[in-house]
Amino acid sequence: MYKSEIILKSLCRYLPEKLSESIGKINPSDLDNITEIRIRAERPVCATLWGESFFLEKSGKLSRNYNNSVQTGFAEVNNILKSLCRYSVYSYSREISEGFITIESGIRAGLSGTVSYADGVKTMRYINGINFRIPREIKNCGEKIYNKLLKNKPCGIIICGSVASGKTTLLRDLCRLCGNRYIVSLIDERGELAGCRDGVPQNDVGINTDIFDGFERSDGIINAVRSMSPEIIFCDEISTEKDSQAMIKSAGCGVKFISTAHADSFENLMKRRYLYDLIDSGIFEYAVIMSGSSEAGKIKDIRRI
């Protein structure tokens with residue numbers, strides 16, 4: 001059984017029978033290219049392939065026409081949510097408030113719905129949409145960068161690209177390659193990299209990799225440096241000043257960072273103040289620029305900083 005089939009089989013356990021049956025009929029060649037399955041209350045089910053959306057028909061066919069597509073009702077969407085929470089929605093209140101739940105194989109279920117604020121506490125309810133982001137564990141996709149930049153000694157790398165450009169997939173494989181040689185800490189805030197379920201990683205991220213699952217990036221970075229003495233720290237989607245300050249502080253201890261950030265060019269990367277400060281501090285020695293969602297996984301440029 002191929003990895004994509006295993007992932008989709010994991011997902012189908014949480015879905016209504018009619019929907020899981022239709023997913024089970026999807027052409028295997030299409031299964032390998034699905035990056036998202038979107039379920040919306042009272043609307044057609046969509047699958048994203050190659051950066052484009054297609055409607056899922058009962059027969060498993062993926063079409064641009066929604067007339068024969070599978071639809072899910074509001075009650076079905078909320079039953080899926082209950083299943084994702086193992087029928088204890090209250091125990092997943094933090095994850096729901098943050099807008100996503102991670103399940104087996106590193107699948108992230110993003111949530112949309114109605115939110116309310118009371119005394120500074122955000123509560124999401126009336127969930128009306130679930131977007132299952134299907135991770136792609138593509139081994140050796142990072143081999144070129146590893147051999148060129150990391151084989152002889154650790155170095156700092158920032159991987160930047162637009163949404164669905166393949167930067168997280170590349171980061172995961174670099175973590176695996178480095179984690180088989182160096183002492184590595186992985187800060188997996190959203191659970192997409194290691195795909196831990198009950199603390200056990202579902203993806204191969206390296207035999208010498210210590211996983212900080214669910215930690216906020218800044219807290220995970222500080223904890224890793226204090227407790228695990230890593231040579232390299234991996235983390236996804238640097239997005240706040242707090243993240244950058246934790247990295248700058250930890251870099252003084254000699255640790256190297258390999259991270260990702262949303263930016264479609266090096267010039268746009270430098271426009272973000274917190275990223276500019278990181279680069280200006282000398283943490284990163286190289287920038288890897290991804291081509292974009294239309295050429296997912298393709299590297300456009302490797303720049304020495």
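Helices, with at least four residues, and strands, with at least two, are DSSP runs numbered from the N terminus. I start there because the labels H7, E11 and the like rest on that numbering. One more thing before the tour: this is a predicted model.

Let's begin with the largest pocket. Its volume is about 890 Å³. Lining it are 33 residues, and those closest to the centre are Thr35, Ala164, Gly166, Thr169 and Ala296. Which element gives the largest share of that lining? It is H7, with five residues. H7 covers 167-179. Strand E1, at 34-40, also supplies at least two lining residues. What about chemistry? By class, this lining has eleven nonpolar, 13 polar and nine charged residues.

Now the second largest pocket. About 310 Å³ of space lies in it. It is lined by 17 residues, and Arg94, Glu95, Thr102, Cys196 and Asp213 are the closest to its centre. Two elements to find on the screen are helix H5, 93-98, and strand E7, 100-102. Each of them supplies at least two residues of this lining. How do the classes divide here? Four are nonpolar, four are polar and nine are charged.

Next, strand E11. Look at residues 184-188. Is this strand buried or exposed? Five of its five residues are buried, so E11 is largely enclosed by the rest of the structure. The cut-off for buried is under 20% relative accessible area. Go along the strand and check the directions. Val184, Leu186 and Asp188 point one way. Ser185 and Ile187 point the other way. Both sets are buried.

What does E11 pair with? Take E12 to begin with, residues 209-213. The two strands pair in the parallel sense, over five bridges. One pair to mark is Val184 with its bridge partner in E12, Thr209. Then take E13, residues 232-235. E13 also runs parallel to E11, and four bridges join them. Here, Leu186 of E11 stands opposite Phe234 of E13.

Stay in this region for the cavity. How many cavities of 30 Å³ or more does the whole structure hold? The search finds one. About 70 Å³ of space lies in it. Its lining includes Ile187 and Asp188, and both of these point out of E11 as buried residues. The lining continues with Glu189, Arg190, Glu192, Leu193, Arg217, Asp236 and Glu237. By class, that is two nonpolar, no polar and seven charged residues.

Last topic: cysteines. How many disulfides does the structure hold? Zero. Why is Cys46 not in one? Its sulfur is 16 Å from the closest cysteine sulfur, in Cys12, and that is too far for a bond. For a disulfide, the two sulfurs would have to be within 2.5 Å. Cys46 is also buried, with a relative accessible area of 8%.

Cys235 gives a second case. Its closest cysteine sulfur is in Cys175, 11 Å away, so that is too far for a bond as well. Cys235 has 0% relative accessibility and counts as buried.

To recap with the model on the screen: the largest pocket takes its largest lining share from H7. E11 is largely enclosed, because five of its five residues are buried. The cavity lining has seven charged residues. And there are zero disulfides.

Definitions and conventions: Residues numbered from 1 in each chain as written. Predicted model: local features only at pLDDT ≥ 70, side-chain atom pairs only at ≥ 80, totals over all residues. Heavy atoms only, no water. Buried < 20%, exposed > 50% of the residue type's maximum accessible area, 1.4 Å probe, protein only. Pairing = 2+ DSSP bridges. 1 Å grid on protein atoms, 1.4 Å probe; cavity = no way out; pocket = protein on both sides within 12 Å on 5 of 7 lines; lining within 4 Å. Points joined across faces, edges and corners; volume = space filled by probe spheres on them. Nonpolar A, V, L, I, M, F, W, Y, C, P; charged D, E, K, R; others polar.
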